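The following exchange examines how descriptive terms are justified by computed values. Please consider the structure shown here.

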Amino acid sequence: MTVTIRPIEQSDKSQYSSLFAAYLVFYKAQLPEKILEKTWERFFDDKEPVYAAVAFDDESPEKLIGFVTYVFHRSTWQYNDVIYLHDLFVDPEVRSRGTGRKLIEYVYGEADKHEVAKVYWHTQIFNHRAQLLYTKVGVRDDFVSYQRPAKK
Ligand SMILES: CC(C)(COP(=O)(O)OP(=O)(O)OC[C@H]1O[C@@H](n2cnc3c(N)ncnc32)[C@H](O)[C@@H]1OP(=O)(O)O)[C@@H](O)C(=O)NCCC(=O)NCCS
């Protein structure tokens with residue numbers, strides 16, 4: 001299997017949506033259609049810092065097998081923006097064949113192109129499968145993340 005990564009295109013909508021739906025199932029999460037639609041629009045809006053790329057096997061270029069989304073944002077610690085790698089998903093049928101790695105490396109390539117010094121992301125502490133990949137392509141930092149509690 002030879003995997004290629006390319007920026008997402010408008011014609012990818014139905015396949016991307018199916019992959020994202022599977023990603024939400026993985027997280028046992030649901031998102032309102034309004035948010036999914038807004039994110040889709042942002043991918044194609046030059047004024048928005050939200051991007052996505054998709055993966056396919058060169059033997060079946062019409063079938064998408066994974067995606068990554070990432071966001072450029074300001075940092076008080078960098079002159080240029082930094083990149084937050086937001087979502088990463090590979091079709092369960094083709095996992096452990098290097099697609100996840102290639103999707104992350106694609107984001108690294110975008111970072112280099114835009115002279116972005118930092119690419120970072122989070123994963124759940126119990127997502128050991130993802131961490132098998134992350135320890136190969138990244139270095140674990142020593143931050144713990146917190147968030148505001150849900151409003152009552
Ligand atoms: C995490 C995920 C994206 C990884 O995608 P993938 O295509 O299977 O990952 P890769 O094949 O590129 O993984 C590559 C590395 O992980 C390691 N790896 C993969 N499967 C492994 C296994 N079963 N046992 C040990 N190591 C393994 C390999 O050593 C490999 O390293 P290499 O590139 O040096 O050979 C995929 O499992 C997924 O979509 N999971 C569900 C969603 C998710 O967890 N997303 C991330 C949220 S933070």
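Q: What makes up the shell around the ligand, by class of residue?
A: In this predicted model, the shell holds nine nonpolar, seven polar and five charged residues. Glycine is counted among the polar residues under this scheme.

Q: How do you know which residues surround the ligand?
A: A residue is counted if one of its heavy atoms lies within 4 Å of the ligand. By that criterion 21 residues surround the ligand, and the closest are Ser 96, Gly 98, Arg 101, Arg 129 and Lys 136.

Q: Which helix or strand gives the most to this shell?
A: That element is α4, with six residues. At least two residues each come from β4 (82-90), α3 (99-113) and α4 (128-137).

Q: Why is the pair formed by a ligand oxygen atom and the side chain of Arg 129 called a polar contact?
A: The cut-off for a pair of N or O atoms is 3.5 Å. An oxygen atom of the ligand is 2.6 Å from an N or O atom in the Arg 129 side chain, so the pair qualifies as a polar contact. Of the area of 940 Å² that the ligand exposes when taken alone, the protein buries 78%.

Q: What makes β4 and β5 paired strands?
A: Pairing requires at least two bridges. Two bridges join β4 to β5, so these strands meet the requirement, and they run parallel. Ile 83 stands opposite Val 119 in β5.

Q: Why are β1 and β5 called edge strands?
A: Five strands form an open sheet in the order β1-β2-β3-β4-β5, with mixed pairing. Both β1 (3-7) and β5 (119-120) have a single partner strand, so one side of each lacks a neighbour in the sheet.

Technical notes
Residues numbered from 1 in each chain as written. Predicted model: local features only at pLDDT ≥ 70, side-chain atom pairs only at ≥ 80, totals over all residues. Heavy atoms only, no water. Polar contact = N/O pair within 3.5 Å; in protein donor to acceptor, adjacent residues only side chain to side chain. Areas by Shrake-Rupley, 256 points an atom, 1.4 Å probe, with all protein chains shown as cover. Helix = DSSP H or I, 4+ residues; strand = E, 2+ residues; numbered from the N terminus.
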